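I opened this entry to record what I looked up about the two ligands and the protein around them. I took one ligand at a time and wrote down what I found.

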Amino acid sequence: MNIKSPKPEHIVIIMDGNGRWAEKNDLPRTKGHKSGVKTLRNLIERAVQLELTMITVYAFSRENWQRPRKEVDLLIDLFITSLQSEVHDLHKNNIKLNFIGELTKFSDTLRKSMKESELLTYNNSGLTLNVALNYSGRWDIHQALLSIINEVQSKKITIDEINEKLINSKLSLAENHEPDLFIRTGGEKRISNYLLWQLAYTEMYFTDILWPDFDIDQFDLALDWFAKRQRRFGKTSAQIENDQNA
Ligand code: IPE
Ligand code: IPE
Ligand code: MG
């Protein structure tokens, strides 16, 4: 089955609801997270099939460190094992992997794994998969600010040169297409400190489906919903229709 056009060039996803899915099925939260990895795998397969260009997933927020130690340890173990078991398949499928967030907080082992998989897949030209780990939208803006201040102090740039384009260039995902479609599963209607600056004109899709239940049909529904949006960027409907007919 194909999906309607236009396809989003960049999809950003908050994969939420693993814990509640596990609870619902009388399983430990661990199983919910494991099941969530499978969902992501299926979704990536579908994205490759549809020749989508970029997906950015929120795998672990800065705030998630506040969870019970056991759950945090398990999540980190799951990243390490999933990365090791999946990276070759991702590479075979021409997928480029990229990690965003404050990665210095992770162990050498995980950082090494992340670097190696980024290097391995660096020249791939298919889907780009960005994984946000220890990410926070406010952290992102803060680190961009520090970088700009540094350039001003070292006289690399002047204050007059600080504009939105420059700020954008210092943020995570800078060189990429702005997010077109945001998907959050699990029923909450909030951004949870995800890509705050980058989401300025993104179409927001919320669904009650818990992440482990978010299958290909659900994904296709979100893509079809996106195809029907009229993106106005401040203009009127009539202007957009005129532009399309021109
Ligand atoms: C999302 O599912 C996964 C991570 C935050 C790592 P949750 O673990 O937040 O699941 P719920 O919200 O408790 O159901
Ligand atoms: C957001 O989910 C982070 C990830 C999915 C990684 P949470 O479940 O942690 O979000 P809040 O804290 O309930 O908003
Ligand atoms: Mg949650």
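**Ligand 1**

I began with where ligand 1 sits, and I found that the space it takes is the largest pocket. I noted for myself that this is a predicted model, so each value here is computed from it.

Next I listed the residues around ligand 1, which are Met-15, Asp-16, Gly-17, Asn-18, Gly-19, Arg-20, Arg-29, His-33, Ala-59, Asn-64, Arg-67 and Leu-75. Sorting this shell by class, I got three nonpolar, five polar and four charged residues.

Which helices supply at least two residues each of the shell around ligand 1? I found that helix H1, residues 18-24, and helix H2, residues 29-49, both do so, and that H1 gives the largest share of this shell, with three residues.

I then looked at the backbone and its distances to oxygen atoms of ligand 1. A polar backbone atom of Gly-17 is 3.3 Å from an oxygen atom of the ligand, a backbone N or O atom of Asn-18 lies 3.2 Å from one, and for a polar backbone atom of Gly-19 I read 2.9 Å. On its own, ligand 1 has 380 Å² of accessible area, and I noted that the protein covers 86% of it.

**Ligand 2**

I turned to ligand 2 and asked the same about its place, and here too the space taken by the ligand is the largest pocket.

The residues I listed around ligand 2 are Ile-14, Met-15, Asp-16, Tyr-58, Ala-59, Phe-60, Ser-61, Asn-64, Arg-67, Arg-184, Arg-190 and Ser-192. By class, I sorted this shell into five nonpolar, three polar and four charged residues.

Which element gives the most to the shell around ligand 2? I found that it is strand E2, which covers residues 54-61 and contributes four residues.

For ligand 2, I wrote down contacts made by side chains. An N or O atom in the side chain of Asp-16 is 3.1 Å from an oxygen atom of the ligand, while a polar side-chain atom of Arg-190 lies 2.7 Å from one, and for a polar side-chain atom of Ser-192 I read 2.5 Å. Of the 380 Å² of accessible area that ligand 2 has on its own, the protein covers 79%.

**Both lists side by side**

Reading the lists again, I saw that Asp-16 and Arg-67 are among the residues around ligand 1, and that Asp-16 and Arg-67 also appear among those around ligand 2.

Terms used:
Residues numbered from 1 in each chain as written. Chains lettered and ligands numbered in written order. Predicted model: local features only at pLDDT ≥ 70, side-chain atom pairs only at ≥ 80, totals over all residues. Heavy atoms only, no water. Near = heavy atom within 4 Å. Polar contact = N/O pair within 3.5 Å; in protein donor to acceptor, adjacent residues only side chain to side chain. Areas by Shrake-Rupley, 256 points an atom, 1.4 Å probe, with all protein chains shown as cover. 1 Å grid on protein atoms, 1.4 Å probe; cavity = no way out; pocket = protein on both sides within 12 Å on 5 of 7 lines; lining within 4 Å. Sits in = over half its atoms within 2 Å of the grid points. Nonpolar A, V, L, I, M, F, W, Y, C, P; charged D, E, K, R; others polar.
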